[in-house]
Amino acid sequence: MRGLWERFWFLPASARSLGAARAAIALGLLAVYLPNDIAAYGSVSPVFHEPRWLPVAPESWLRAMNALWLAALALGGVGLFTRAAFAAAFLLGGYLLALDSSFGRIRHHDMAALLALGILAASRAGDALSLDALRRGGAPPPPDAEYGWPLRAIRLVLALAFLAAGIAKLRHGGLDWIASDNLQRRLLDRGRLLAPSKGLGEELARFPLLCNAVAAATVAIELLYPLALWSRRARVVLVPASLLMLLGFAAFFGPRFTTFGVLTAAWVPFDRVLRSRAAATGEPPHEKHDARHEAHQQGGA
Amino acid sequence: MTRRRRLLANGILVAILLGQAAAIVSGRELWPFSPYPMFSRSLAPTVERFWLCGVREDGAEIALRSTAAFHPFRLAQLEGALARMDAPALAEAARDMLARYEARRLAGRHDGAPLRSLRIYRVVWRTAAPSGAEPLSRELLAESP
């Protein structure tokens with residue numbers, strides 16, 4: 001059992017692959033959260049605030065914390081003072097994102113982003129493709145278990161989030177969630193938030209059988225997503241399907257689970273991408289063992 | 001990878017597995033872990049929603065849906081907050097939203113009409129009704145001023 005656990009999480013992987021995913025995730029989250037004006041909650045009436053145990057800092061403090069948080073994400077993205085940057089992003093994000101969720105509705109996709117920042121803070125994601133690595137100089141480090149587990153942990157966060165969402169639908173809605181007119185009514189209901197309006201959701205709601213098929217596909221993708229952790233074939237289908245599903249949520253329901261899309265960078269085989277780019281430009285490969293390790297990593301157990 | 005680093009990584013992986021398992025089994029929000037219950041319940045035949053309406057200077061009532069007007073709130077967020085409020089809190093919410101709407105309008109952050117007052121209604125809908133259909137009932141909960 002212990003051997004299986006070790007082989008699953010701690011296969012050696014390349015520092016460049018982790019570095020590329022780090023940059024994509026941190027800069028992607030920066031783009032997502034840049035327009036978020038969390039500091040504005042400092043001037044909102046307390047009647048909107050629940051739970052009250054989480055204190056709301058004065059607006060000027062929130063503004064400063066938000067600026068530091070965004071700066072930490074940017075530093076994490078370019079890999080400068082990488083571990084300190086991710087530690088700061090995790091701690092500041094922990095407060096700011098919790099605050100954002102304590103006014104009216106929990107923003108579930110923030111949770112996965114926060115966990116990913118915590119994982120990157122504990123990782124050595126700045127060892128390659130970073131300004132830290134440039135400052136240190138020398139050859140990139142060889143593949144190591146250090147560079148594999150963080151991306152697998154982020155994939156685990158995504159897999160558990162999708163699995164939980166699938167289980168919740170079956171637990172609360174049962175098979176009716178798929179087989180009844182539930183999705184149609186939900187699509188119509190979304191257009192009534194605060195006042196009635198027409199949207200794409202209403203167009204989809206005109207086709208009952210299509211709604212049933214979409215509902216079935218949603219639950220199937222969510223429940224099966226964890227298979228992508230083990231099976232390469234499942235990964236090839238489920239990861240793009242989950243992205244399509246997220247696009248569908250945004251188009252027909254409204255909520256944008258953009259951070260889940262950003263975290264999907266943890267599935268991208270960056271080694272392969274970087275190698276093809278190096279081959280195209282005639283650069284020598286940086287790490288001789290990358291191909292073997294990546295094949296092992298991508299192939300699944 | 002050193003033994004100490006491996007312990008740290010194992011600790012994080014186990015914490016993620018246990019935290020998420022606890023949230024799924026208990027069905028409770030355990031920030032930053034969650035049972036992710038979004039849209040999971042089947043809708044009842046009727047559902048209560050809120051309407052925010054502004055009253056223009058000429059007395060006409062208009063629906064307010066612009067998130068730019070009520071920044072930093074999003075529509076779903078406002079619905080969630082209003083659903084938990086009692087009468088005094090709703091009155092205070094109406095006052096705060098009108099002040100926010102007008103301040104942002106004067107600052108050029110949205111192009112809504114000037115408002116004389118803001119009303120919050122509770123509206124009951126038949127969930128299968130198409131958009132454009134009238135609600136089953138509409139009750140004024142708060143108005144400011």
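Angles of 65 to 115 degrees between helix axes count as roughly perpendicular. In this predicted model, helix 1 of chain A and helix 1 of chain B pack at about 95°. The two helices are therefore roughly perpendicular to each other. Other points to look at are a nonpolar surface patch on chain A, two proline bonds, an unusual backbone angle and a salt bridge in chain B.

**Helix packing between the chains**

- Two packed helices are described by the angle between their axes and the distance between the axes.
- Here the axes lie 12 Å apart.
- Helix 1 of chain A covers residues 2-9, and helix 1 of chain B covers residues 3-26.
- Chain A brings A:Trp5, A:Glu6 and A:Trp9 to the contact.
- Chain B brings B:Arg6, B:Asn10, B:Leu13, B:Val14 and B:Leu17.
- By type, five of these contact residues are nonpolar, one is polar and two are charged.

**Nonpolar patch on chain A**

- A:Leu75, A:Val78, A:Phe81, A:Leu131 and A:Leu134 make up a nonpolar patch on the surface.
- Together they have about 440 Å² of accessible area.
- Helix 3 (59-78) supplies at least two of the patch residues, and so does helix 6 (131-136).
- A:Leu131 sits in helix 6 of chain A.

**Backbone features**

- Most residues other than glycine have a negative phi, and most peptide bonds are trans.
- In chain A, the peptide bond between A:Glu50 and A:Pro51 is cis, with omega about 5°.
- A:Pro51 belongs to the loop between helix 2 (15-33) and helix 3 of chain A.
- In chain B, a cis peptide bond links B:His71 to B:Pro72, with omega about 10°.
- B:Pro72 is in the loop that runs between strand 2 (61-63) and helix 2 (75-83) of chain B.
- B:Tyr36 is not a glycine, yet its phi is positive, at about 45°.
- The loop between helix 1 and strand 1 (46-56) of chain B holds B:Tyr36.

**Salt bridges**

- Side chains of opposite charge can pair when their charged atoms come close.
- The count over all chains is 24 salt bridges.
- One of them joins B:Glu79 and B:Arg49, whose closest N and O atoms are 4.0 Å apart.
- This pair links distant parts of the chain, 30 residues apart.
- B:Glu79 is in helix 2 of chain B, while B:Arg49 is in strand 1 of chain B.

Technical notes: Residues numbered from 1 in each chain as written. Chains lettered and ligands numbered in written order. Predicted model: local features only at pLDDT ≥ 70, side-chain atom pairs only at ≥ 80, totals over all residues. Heavy atoms only, no water. Axes fitted to C-alpha atoms, helices over the stretch in contact; angles between N-to-C directions. Helix = DSSP H or I, 4+ residues; strand = E, 2+ residues; numbered from the N terminus. Parallel < 35°, antiparallel > 145°, perpendicular 65-115°, else oblique. Contact = heavy atoms within 4.5 Å. Nonpolar A, V, L, I, M, F, W, Y, C, P; charged D, E, K, R; others polar. Patch = residues over 30% accessible without salt bridge, like charges linked within 9 Å, V, L, I, M, F, W, Y side chains within 5 Å. Areas by Shrake-Rupley, 256 points an atom, 1.4 Å probe, with all protein chains shown as cover. Salt bridge = Lys/Arg side-chain N within 4 Å of Asp/Glu carboxyl O.
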